[in-house]
Amino acid sequence: MNNPNIEADISFRFLNLDKFQAYSLVREILGSTHEEHSENKSYVACVPLTQQNFEEINDYYVRQRIKIEACDILVSVNVDSSSGTVDVPLIVNRMLKYIDCKLTFSFTAA
């Protein structure tokens with residue numbers, strides 16, 4: 001094992017925004033993106049979970065009255081064929097204290 005501690009990319013996702021919410025989110029929070037969900041015409045928005053935008057995510061969540069079921073924290077990991085541990089940053093625990101949403105994990109192995 002060359003690299004036992006693997007870094008994870010962390011994003012906060014809003015899973016069911018309307019068009020106005022999706023477009024306003026991109027203007028309000030730096031680094032956020034969105035795409036339209038083809039089946040139900042709603043939008044999924046993704047925001048990097050960082051110290052810089054932690055408060056903006058929380059404020060947007062409260063201001064837009066997002067339901068807890070309509071958001072999650074996505075932990076994405078890219079690994080090679082060797083195994084190792086994944087360090088999930090403490091900001092995930094901090095966000096869960098404010099917005100107790102589900103965690104979703106994505107693993108890609110080479």
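Four salt bridges occur in this structure, which is a predicted model. One of them joins Asp72 to Arg13, with the closest N and O atoms 2.6 Å apart. That pair ties together distant parts of the chain: Asp72 sits in strand S5 and Arg13 in strand S2, 59 residues apart. The protein chain has three helices and seven strands.

**Salt bridges**

- Asp72 is buried, because its relative accessible area is 0%, under the 20% cut-off.
- Glu28 and Arg63 also meet through their side chains, at 2.3 Å from N to O. This pair again links distant parts of the chain, with Glu28 in helix H1, Arg63 in helix H2, and their positions 35 residues apart.
- Glu28 is partly exposed, at a relative accessible area of 38%. Arg63 is partly exposed as well, at 48%.
- Glu36 and Lys41 form another side-chain salt bridge, at 4.0 Å from N to O.
- Is Lys41 buried or exposed? Lys41 counts as exposed, because its relative accessibility is 58% and the cut-off for exposed is over 50%. Glu36, at 41%, counts as partly exposed.

**Strand pairing**

- S2 and S5 run antiparallel and are joined by six bridges.
- Within that pairing, Arg13 stands opposite Asp72 in S5. These two residues are also salt-bridge partners.
- S5 and S7 run parallel, with eight bridges between them.
- Here Ile73 stands opposite Leu103 in S7.
- In a regular strand, side chains alternate between the two faces of the sheet.

**Helix H2**

- Which residues of helix H2 (residues 54-63) are buried? They are Phe54, Ile57, Asn58, Tyr60 and Tyr61. These residues cover an arc of only 165° around the axis, so they lie on the same side of H2.
- The cover over the buried residues of H2 includes strand S2 (9-17), helix H1 (19-28), strand S4 (42-48), strand S5 (71-79) and H3.
- H1 therefore appears twice in the account of H2: H1 is part of that cover, and Glu28 in H1 is linked to Arg63 in H2.
- Arg65, just after H2, takes a positive phi of about 55°.

**Nonpolar surface patch**

- Val86, Val88, Leu103, Phe105 and Phe107 make up a nonpolar patch on the surface. Together they have about 430 Å² of accessible area.
- Which strand gives the largest share of the nonpolar patch? Strand S7 (residues 102-109) does, with three residues.
- Leu103 belongs to the patch and is also the residue opposite Ile73 in the S5 to S7 pairing.
- Val88 lies in the loop between strand S6 (85-87) and helix H3 (90-98). Val88 is partly exposed, at a relative accessible area of 36%. Patch residues need over 30%, so Val88 passes that cut-off.

**Overall fold**

- From the N terminus on, the elements of the protein chain run β-β-α-β-β-α-β-β-α-β.
- The C-alpha atoms fill a box of roughly 45 × 30 × 25 Å along the principal axes.
- Of the 110 residues of the protein chain, 34% count as buried.
- Among contacts with a separation of 6 or more, 75% come from residues 24 or more positions apart.
- The protein chain exposes about 7,100 Å², and carbon and sulfur atoms supply 50% of that area.

Methods: Residues are numbered from 1 along each chain as its sequence is written. This is a predicted model: local features need pLDDT of at least 70, side-chain atom pairs count only at pLDDT 80 or more; totals for chains, interfaces and linings use all residues. Side-chain values use heavy atoms; hydrogens and water are left out. Patches are made of residues with over 30% relative accessible area and no salt bridge: like charges are joined within 9 Å, nonpolar side chains (Val, Leu, Ile, Met, Phe, Trp, Tyr) within 5 Å. Accessible areas come from the Shrake-Rupley method with a 1.4 Å probe; for residues, only the protein chains shown count as cover. Helices (H or I, at least four residues) and strands (E, at least two) are DSSP runs, numbered from the N terminus. Buried means under 20% relative accessible area, exposed over 50%, partly exposed in between (1.4 Å probe, protein chains only). The arc is that of the directions from the helix axis to the C-beta atoms. Contact means heavy atoms within 4.5 Å. Two strands pair if DSSP finds at least two bridges between them.
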